[in-house]
There are 4 protein chains.
Amino acid sequence: MNNNQVSKILNDPVYGFITLRRGILLDIVEHPYFQRLSRIKQLGLTYLVYPGAHHTRFHHALGCVHLMNQAILTLNEMGYSINDEEQEGVKLAILLHDIGHGPFSHALEHSIVSEIQHEELSHIFMQQLNKDFGGKLDTAIAIFKDKYPKRFLHQLVSSQLDMDRLDYLKRDSFFTGVSEGVVSNQRIIKMFDLVNDEIVVKEKGVYSIEKFLIARRLMYWQVYLHKTVLSAEFLLMNILKRAKHLCFNGHDIFTTEALSPFLIQNVDRPKIKSLSFLNSFSRIDDYDVFTCIKEWVNDKDPILSLLCKSIINRKLPKVKVSMSEFSEDEINENLSFHQKKLGFSNEEMKYFVFQKTMENNAYDTRKDKIKILYKDGGLKDITEASDNLNVQALSKPVRKYFLFAPYF
Amino acid sequence: MNNNQVSKILNDPVYGFITLRRGILLDIVEHPYFQRLSRIKQLGLTYLVYPGAHHTRFHHALGCVHLMNQAILTLNEMGYSINDEEQEGVKLAILLHDIGHGPFSHALEHSIVSEIQHEELSHIFMQQLNKDFGGKLDTAIAIFKDKYPKRFLHQLVSSQLDMDRLDYLKRDSFFTGVSEGVVSNQRIIKMFDLVNDEIVVKEKGVYSIEKFLIARRLMYWQVYLHKTVLSAEFLLMNILKRAKHLCFNGHDIFTTEALSPFLIQNVDRPKIKSLSFLNSFSRIDDYDVFTCIKEWVNDKDPILSLLCKSIINRKLPKVKVSMSEFSEDEINENLSFHQKKLGFSNEEMKYFVFQKTMENNAYDTRKDKIKILYKDGGLKDITEASDNLNVQALSKPVRKYFLFAPYF
Amino acid sequence: MNNNQVSKILNDPVYGFITLRRGILLDIVEHPYFQRLSRIKQLGLTYLVYPGAHHTRFHHALGCVHLMNQAILTLNEMGYSINDEEQEGVKLAILLHDIGHGPFSHALEHSIVSEIQHEELSHIFMQQLNKDFGGKLDTAIAIFKDKYPKRFLHQLVSSQLDMDRLDYLKRDSFFTGVSEGVVSNQRIIKMFDLVNDEIVVKEKGVYSIEKFLIARRLMYWQVYLHKTVLSAEFLLMNILKRAKHLCFNGHDIFTTEALSPFLIQNVDRPKIKSLSFLNSFSRIDDYDVFTCIKEWVNDKDPILSLLCKSIINRKLPKVKVSMSEFSEDEINENLSFHQKKLGFSNEEMKYFVFQKTMENNAYDTRKDKIKILYKDGGLKDITEASDNLNVQALSKPVRKYFLFAPYF
Amino acid sequence: MNNNQVSKILNDPVYGFITLRRGILLDIVEHPYFQRLSRIKQLGLTYLVYPGAHHTRFHHALGCVHLMNQAILTLNEMGYSINDEEQEGVKLAILLHDIGHGPFSHALEHSIVSEIQHEELSHIFMQQLNKDFGGKLDTAIAIFKDKYPKRFLHQLVSSQLDMDRLDYLKRDSFFTGVSEGVVSNQRIIKMFDLVNDEIVVKEKGVYSIEKFLIARRLMYWQVYLHKTVLSAEFLLMNILKRAKHLCFNGHDIFTTEALSPFLIQNVDRPKIKSLSFLNSFSRIDDYDVFTCIKEWVNDKDPILSLLCKSIINRKLPKVKVSMSEFSEDEINENLSFHQKKLGFSNEEMKYFVFQKTMENNAYDTRKDKIKILYKDGGLKDITEASDNLNVQALSKPVRKYFLFAPYF
């Protein structure tokens, strides 16, 4: 017998190796819908601040499957049965949980496919793949949509301790080099137990959870909501808005074939259900977006050109951060200062000077809570289980205000 | 005083942090010529085999500067003086040593700018930057071209133990997850000494050098010359050849503005000296190449379309490897087998079925040798200093033969 | 010139390499007083819970010197001058800050040299070494005792961000394998600045400090105050108490020559100033203590024998933990339960059943505060600088109660 | 259900976590015979050169069990059945493979229990434990002694790719900080296959094996046979020889109770089979040996005292290394030079000046070979499978000569 026939081993700098069993799982990995993810960076433009952050959604999805294997193993060893069909289902569900992401999705979701979120698109992709693979994704879809009886399987895919979060915090921390975000996901998984078909964490793991929530908070402010990262993302969002605006007003601008349908029309909910939409969407990746930006540097619209130069040459908008809102006066002062230099209209200046609000809470008490299991069988919410005020503090949202203005 | 004014600190997953002093060094980093490197992957298509390998030439160049800082520090501590101008020069030289690389450069050098190597282009870039920066790169260029009196400065930039090799082996090993390539570059640098203005390695470092040469060999066969990596690279080379062939024969194919001049004409040595060429070249990056490939999937030329599908959907050519040459007969057998399925002419089938030879020797005795310094002041070549046959074996080139045939 | 003559390079799994310049620093390292530290574990009996925790005070002291080198480098690069004498002084001060530690010092300080703390002993050692080395430690001692004009030098040796803490958190985390304690000490040091001759941390470093304080808290509860670690330490303390009690009452028990003077008499402040005391103290290490325990397993005193068996065979006292004090009743219930089995007197049972209180606050607002420097030159205490309640919470002490009872 | 009841999780800095199932395995770990290993350093006196090398045989044995779990998992996934009894047996066999080691065993085996090797003692320990545990170690012993039908189980315990080697190379490399020794043991295990009930390695793993053999070679010369490490070990050997010599000649020297029987008599094969011997042997550990040395510093025998001072104060014998034998003349010259200073007799001077030969070959062709399995089913020895001369070179023994002389 030959292991090569049984499974495929991939090198992964984060976990050492990722092993994928041959069968439907590997077939899906080889499908063009999934291969596309290898051309979509997990953290979009973050590499402009953290030069190592070029890792892809493809890699993240495989990392999630690796952690899912560990979670299944742990629960099996404890005597909880998860049958073969469920194992395959929950692995497929996590493999595909992000399949609906487009390139630079934060920017894209707010400028191109505005009202639809990637979870909804992931579901549509799964349904199409289910057709192609003769119903083999039924269980995966049930788990993904929280329709499967054993609720903990859904929680492994989507909850405050799901494999998605456990992988991305570690992976993003690894590739950015921000060691503050390192989480001990191996230990957290080993501390899993089940109560009433729900994932709980054993008492011994309480410090690991506390550390996880804190790491999450630090990663948000140091990476995901880093002021320069936000600056790049809002810049990109405005580029795409401007490009769409020009298309709608009859300007003929360069576009790749794949991106074209998303610039010349509004994509609304009814449209996204069609197979042709799915195939269009499945063709766009980082290359389309960036190539357009590079071409638009030379576009005759001065606003589009200026915005694109700003990203290509990394002359990103300057940012001020504050814990309280910037006043109308302060914004207008900035606006008129830059308007004198740039000469654009009031309306047009909104591409250049604007305020944004960002909010984060590391532990969201409105969602499924993280429950700690004590030796006597008692359960407590993590905010009560931890022995000081830290975790309670983490559940309060922190809000910051950002004022953006041109680099020039 | 504020450190922010003195230097910029970047997170690097490989070394923790990279510190760049403000001044000419950081000005060059911010120049569009250099920023372009953040859109060029260090290892081209290798990510199709090692999914973590998306790191860029930008990141590698900064890593080299970090190691150069360490080398300067070590030599200073030993009492060798390197003045400020030399320090700046040798750092600029290593920062820019790869500025002449294009996207997917192995493929590109053999299909688009065929006769010119990236070292020559790097030199041209440096000369142009020297003009722009009023002669501040004079020393850097002298060191790069080995015209500077203190020869060891050139050796730090280009030799069998230069900062380039020390960084890329470690960095490529890190991002691919191939732990066999980990080298102890920190230790090697600490073992540097000078004899007659040349870099030598102290006796205590002999095992680190041995390990370095072996790691280099293993990285060649496991990564750089991995059969599937080669398969992807030759595929890309053939795509570009075919595209150029079509352009030369009057076909109208899609191209980005940046890539266009390189497809419609032959780029020869006289052309590359012009500023307009340099500006053209400095605009192409991974995005141009991949976007074209994505568009060409739908090109009406069936050969171009088929080759491009093969790369986009990761259906890479199958490869056989052998220590001896494949016979004409074996190649022809393969060729006619696939010709029946594909229906192309003999000439056209060369895009699909072909043999390639690859050679590697980890230690090249024809170049500057690695010399070991003994406590008694004696010097020995590493092949004689090591206490067994290993290193001698490493200096013999190993040759392998690869036979490629379509996936389908 | 030969680097071997200039400095000595040691392999360190935590930092890669530690470089020590030849001269007084290396002479002190080679002195028997310092060599003794290689026979004293940094974390005493912690290896009974974390099997990797066998690292020594010797290794930690060298790690501190390594970080001190980095701190000096950072401050120098920013333009603050630290002259050669000060550099040597501050390195010697950190090298020797723990020289006064005895073996298993927590247990020892409470049972053998009860009223004297290791800082005082470190000072006495330094004074003796200063005599031996002809006054070369004058500056080091001034810095250690906070008598040196440039106060920040003392802060690098002793404060809430000193090299001691930065090294031990990282090192203890490394060897225990408790990843929750990993701190980014390299980054913290790079964020240092000076205001009014005091160490402050630049604004960009605020999250690293936050993470550092949290890691410190987690290390306290997961390692230093882990209930089983405490169990082993209190057991050892009671063993030494019992042994001393027996000696004082005329029993003839085994003892090594080095440990003997500390068992047969009370060591009080006047005694410790004599050279003969110092030489006695400098001879005891982990080997004396453990060898005695091994011999005492067969002592005819049943209490001493039972306590020693408990540690040698790792049958450690059972522990209950609570956030509120255990009642007299509960303690007495435990006591009488075990008294029936063991048959010792009420007084003697106190070796076996007892309550202890442990308190920790990660950030101590009564000491020198950690100050954050803003771009506008303003300074804020870390508890005000951080953008949520976390850090404030960390400055509140947490108290836990532990009830110990025999394993048997 | 509670995982705590099913298994125990230990933090391990090398692998993250080691999981031990409750039952016979954990019972053996808690037995005093095994607990003793936590007081025996894996690398003896190596910490005098590599200050991190304080890890124990206890820790190594647990690491081996962890790798054995992985090997079992890999073979199971490939469809080879290993039943519960065999799994328990092979884990117990690897757990106990080193139980027969004494403290500083290289020194001890040549001076105290001269003719008996630790493998033989391990077997005796296992037999005694088998009696105590009612025959539960029958399978483990059969596997250990290569009497079990499925030969590959023995190979996992003892062969050129056994879990012992895979763990100790990685662990020793980790704790010494010698990165040259890092091996990818996780990958090697994943490449295992079986042919005729023997472990073979799949073709894809050939470079990992090559790297493993080279790492082994480098660890031998950089760590295990490092000249200063050897110096310390031979010094210790001579100390024990001298102590035994004094005892045999009626001198009354200090000794711990546990070590005493090994100094006052010769331990020969018949003696070691008795339970009383086993219990004596199971009581000696690093603490006995080092405490004696510390006491002997003050012994009235000037030779014993001098040798002991040399180790306690780290004034280790000076060493010359050569690829050819040192001549009688050179040795005598050294001897008479030092004799003048020390004033001992010719016979006595042999404790101070002597020559030793050390030999190592990374791959031993006289033992079970490492076989590579090709896709076509063919098998090749690794020396033929590797594509250059390296591995063949590794199978040739390298011999070095060491001349020792006093530090003073």
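User: How does chain A lay on chain B, what turn and what shift?

Analyst: In this predicted model, chain A goes onto chain B with a turn of 180° and a shift of 0.0 Å along the axis, at an RMSD of 0.0 Å. The fit is by least squares on the C-alpha atoms of residues with pLDDT of at least 70 in both copies. That is the relation of a two-fold axis. The same surface serves both copies, as 100% of the contact residues of chain A recur in chain B.

User: How many residues are in contact there?

Analyst: 35 residues of chain A are in contact with 35 residues of chain B. Contact here is two C-beta atoms, placed from the backbone, within 7 Å.

User: Which elements of chain A give two or more residues to that side?

Analyst: They are β1 (7-12), α3 (32-35), α4 (57-77), α10 (163-176) and α17 (286-296) of chain A. α17(A) gives the most, with six residues. Those names come from DSSP runs numbered from the N terminus: helices are H or I with at least four residues, strands are E with at least two.

User: And by class, what does that side have?

Analyst: The side of chain A that touches chain B has 14 nonpolar, 14 polar and seven charged residues. Nonpolar covers Ala, Val, Leu, Ile, Met, Phe, Trp, Tyr, Cys and Pro; charged covers Asp, Glu, Lys and Arg; the others, Gly among them, count as polar.

User: Quick check on numbering and confidence.

Analyst: Residues count from 1 along each chain as its sequence is written, and chains are lettered from A and ligands numbered from 1 in the order in which they are written. Since this is a predicted model, local features need pLDDT of at least 70 and side-chain atom pairs count only at pLDDT 80 or more, while totals for chains, interfaces and linings use all residues.

User: Switching to the largest nonpolar core. Which residues touch the most other members?

Analyst: A:Ile239, B:Ile239, C:Ile239 and D:Ile239, out of 453 residues in that core. A core is a set of buried Ala, Val, Leu, Ile, Met, Phe, Trp, Tyr and Cys residues joined through C-beta atoms within 7 Å. Buried takes 20 or more other C-beta atoms within 10 Å of a residue's own, exposed is 12 or fewer, and partly exposed is in between, with C-beta atoms placed from the backbone.

User: What is D:Ile239 in contact with, leaving aside neighbours within four places in sequence?

Analyst: D:Ile293, D:Leu304, D:Leu307, D:Cys308 and D:Ile311.

User: Now strands. What does β9(D) pair with?

Analyst: β9 (398-405) of chain D pairs in the antiparallel sense with β5 (318-322) over five bridges, and D:Lys318 stands opposite D:Ala405. β9(D) also pairs antiparallel with β6 (354-360) over seven bridges, where D:Met358 has D:Lys400 as its partner. Pairing takes at least two DSSP bridges between the strands.

User: How about C:Arg399, where does that lie?

Analyst: C:Arg399 lies in β9 (398-405) of chain C. With 13 other C-beta atoms within 10 Å, C:Arg399 is partly exposed. C:Asn360 is 39 residues away in sequence, but 6.6 Å away in space, C-alpha to C-alpha.

User: Last one: what order do the four strands of the open sheet in chain B take?

Analyst: β3-β4-β7-β8, with mixed pairing. β3 (192-195) and β8 (379-381) of chain B stand at the edges with a single partner strand each, so one side of each is left without a neighbour in the sheet. β7 (371-373) and β8 of chain B pair antiparallel over three bridges, and B:Leu373 has B:Leu379 as its bridge partner.
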